[in-house]
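Work through the exercises below with the sequence and the model at hand. Try each task before reading its solution.

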Amino acid sequence: MFSSKPILLCLVAGFCFVVCFNPPAPLWPKKFIAGGITSLDFPGVTKKQFGGLQYYDWTREAMWSVISDPYGNSQGILNVNNTVWVVDAMNQNCCIDPTQTGVSPPRPDWLQQNSTYLGEEVFNDLLCEGWSRTEGDISFEWWISTASGTPKRLRNFGFVNDYSYFTTNDTLWPAEDVFAVPSYCPSIITNPNCSVEAIFF
């Protein structure tokens with residue numbers, strides 16, 4: 001794995017030498033749908049896998065993630081207007097996570113400052129290149145295909161999202177508003193123990 005990309009440069013006189021550079025970090029699309037497998041990656045925790053589907057729209061500063069376990073149960077994480085709800089649509093249960101509320105979805109340019117180029121690695125038989133950014137003791141990683149530039153992996157908060165599907169095509173969005181807050185969701189914090197992590201543990 002290279003930590004930077006080598007480029008062979010040749011001078012007019014015929015001398016050649018290798019220089020290395022770090023490719024600039026990519027911007028996130030302002031709107032996308034991504035689907036694949038979400039895995040836990042916490043030390044000492046049994047690895048689990050879930051189905052994951054994410055809707056992201058920075059023009060509304062909103063993100064909706066649907067998490068499905070191997071038994072067909074689904075819950076969602078809705079981030080709208082800097083409020084984060086844990087949504088169980090099947091049982092019409094909903095609460096606001098007090099530890100996540102106040103945090104918006106990632107900005108499209110979140111990698112543009114203080115990011116580190118990670119080089120190239122192979123994920124699911126595809127050669128990818130990645131960047132990371134660290135906030136406090138938490139590291140975020142973003143990996144894209146070197147051939148197509150399509151995002152393939154997002155690692156954050158101990159979760160790994162491996163994307164098998166990614167599109168920026170607006171016509172593929174559902175007709176209904178995926179960011180509409182369900183009527184059974186509270187507008188204030190009602191459960192201090194509410195946590196998005198409860199979906200996974």
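Strands here are DSSP runs of E with at least two residues, numbered from the N terminus. The model is a predicted one.

**Exercise 1. Place valine 45 and list what surrounds it.**

Solution.
- Step 1: Valine 45 sits in the loop that links strand 3 (31-40) and strand 4 (49-57).
- Step 2: Partly exposed covers the range between under 20% and over 50% relative accessible area. Valine 45 has 33% relative accessibility, so the residue counts as partly exposed.
- Step 3: Beyond its neighbours within four places in sequence, valine 45 has contacts with Leu40 and Phe201.
- Step 4: Valine 45 and phenylalanine 201 are 156 residues apart along the chain, and their C-alpha atoms are separated by 9.3 Å.

**Exercise 2. How many helices and strands does the chain have, and what is the strand order of the open sheet?**

Solution.
- Step 1: The count gives zero helices and 13 strands.
- Step 2: Read along the sequence, the pattern is therefore β-β-β-β-β-β-β-β-β-β-β-β-β.
- Step 3: Eleven strands form an open sheet in the order 8-7-6-5-4-3-13-12-11-10-9, and the pairing is antiparallel.
- Step 4: Strand 8 (93-96) and strand 9 (115-123) are the edge strands, each pairing on one side only.
- Step 5: On average, and with direction ignored, neighbouring strands of this sheet are turned by 20 degrees against each other.
- Step 6: In general, the strands of a sheet pair through backbone hydrogen bonds, in either a parallel or an antiparallel way.**Exercise 3. Describe how strand 7 is joined to strand 8.**

Solution.
- Step 1: Strand 7 (residues 83-88) and strand 8 run antiparallel, with four bridges between them.
- Step 2: Opposite valine 87 stands cysteine 94, a residue of strand 8.

**Exercise 4. Which cysteines are joined by disulfides, and which parts of the chain do the pairs tie together?**

Solution.
- Step 1: The structure holds two disulfides.
- Step 2: One of them joins cysteine 94 to cysteine 185, with an S to S distance of 2.1 Å.
- Step 3: Cysteine 94 belongs to strand 8 and cysteine 185 to the segment after strand 13 (159-167), so this pair ties together parts 91 residues apart in sequence.
- Step 4: The torsion about the S-S bond of cysteine 94 and cysteine 185 is about 100 degrees, so this disulfide is right-handed.
- Step 5: Cysteine 94 and cysteine 185 are both buried.
- Step 6: The other disulfide joins cysteine 95 to cysteine 194, and here the S to S distance is 2.0 Å.
- Step 7: Since cysteine 95 is in strand 8 and cysteine 194 is in the segment after strand 13, the pair ties together parts that are 99 residues apart in sequence.
- Step 8: For cysteine 95 and cysteine 194 the S-S torsion is about 70 degrees, so this disulfide is right-handed.
- Step 9: Cysteine 95 counts as buried because its relative accessibility is 15%. Cysteine 194 counts as buried at 4% relative accessibility.

**Exercise 5. Is serine 145 buried or exposed, and what does its side chain reach?**

Solution.
- Step 1: Serine 145 is part of strand 11 (residues 138-145).
- Step 2: The cut-off for buried is under 20% relative accessible area. Serine 145 has 6% relative accessibility, so the residue counts as buried.
- Step 3: A polar atom of the serine 145 side chain lies 3.2 Å from the backbone nitrogen of alanine 147. The side chain of serine 145 also reaches the backbone nitrogen of serine 148, at 3.2 Å.
- Step 4: With neighbours within four places in sequence left aside, serine 145 is in contact with Leu127, Cys128, Thr150 and Lys152.
- Step 5: One of these contacts, cysteine 128, counts as buried because its relative accessibility is 0%.

**Exercise 6. In which strand is serine 65 found, and which residues does it touch?**

Solution.
- Step 1: Serine 65 is found in strand 5 (residues 62-68).
- Step 2: The relative accessible area of serine 65 is 9%, so the residue is buried.
- Step 3: Residues up to four places away in sequence are not counted; serine 65 then touches Leu53, Gln54, Gln75, Gly76 and Ile77.

**Exercise 7. What share of the chain's residues counts as buried, and what area does the chain expose?**

Solution.
- Step 1: The chain has 201 residues, of which 40% count as buried.
- Step 2: About 11,500 Å² is exposed by the chain, and carbon and sulfur atoms supply 53% of that area.
- Step 3: Take the contacts in the chain between residues at least 6 apart in sequence: 47% of them join residues at least 24 apart.

Definitions and conventions. Residues are numbered from 1 along each chain as its sequence is written. This is a predicted model: local features need pLDDT of at least 70, side-chain atom pairs count only at pLDDT 80 or more; totals for chains, interfaces and linings use all residues. Side-chain values use heavy atoms; hydrogens and water are left out. Buried means under 20% relative accessible area, exposed over 50%, partly exposed in between (1.4 Å probe, protein chains only). A polar contact is a pair of N or O atoms within 3.5 Å; within protein, one must be able to donate a hydrogen and the other to accept it, and residues adjacent in sequence count only if both atoms are side-chain atoms. Contact means heavy atoms within 4.5 Å. Accessible areas come from the Shrake-Rupley method with a 1.4 Å probe; for residues, only the protein chains shown count as cover. Two strands pair if DSSP finds at least two bridges between them. Axes are lines fitted to C-alpha atoms, for helices over the stretch in contact, and angles run from 0 to 180 degrees between N-to-C directions. A disulfide is a pair of cysteine sulfur atoms within 2.5 Å.
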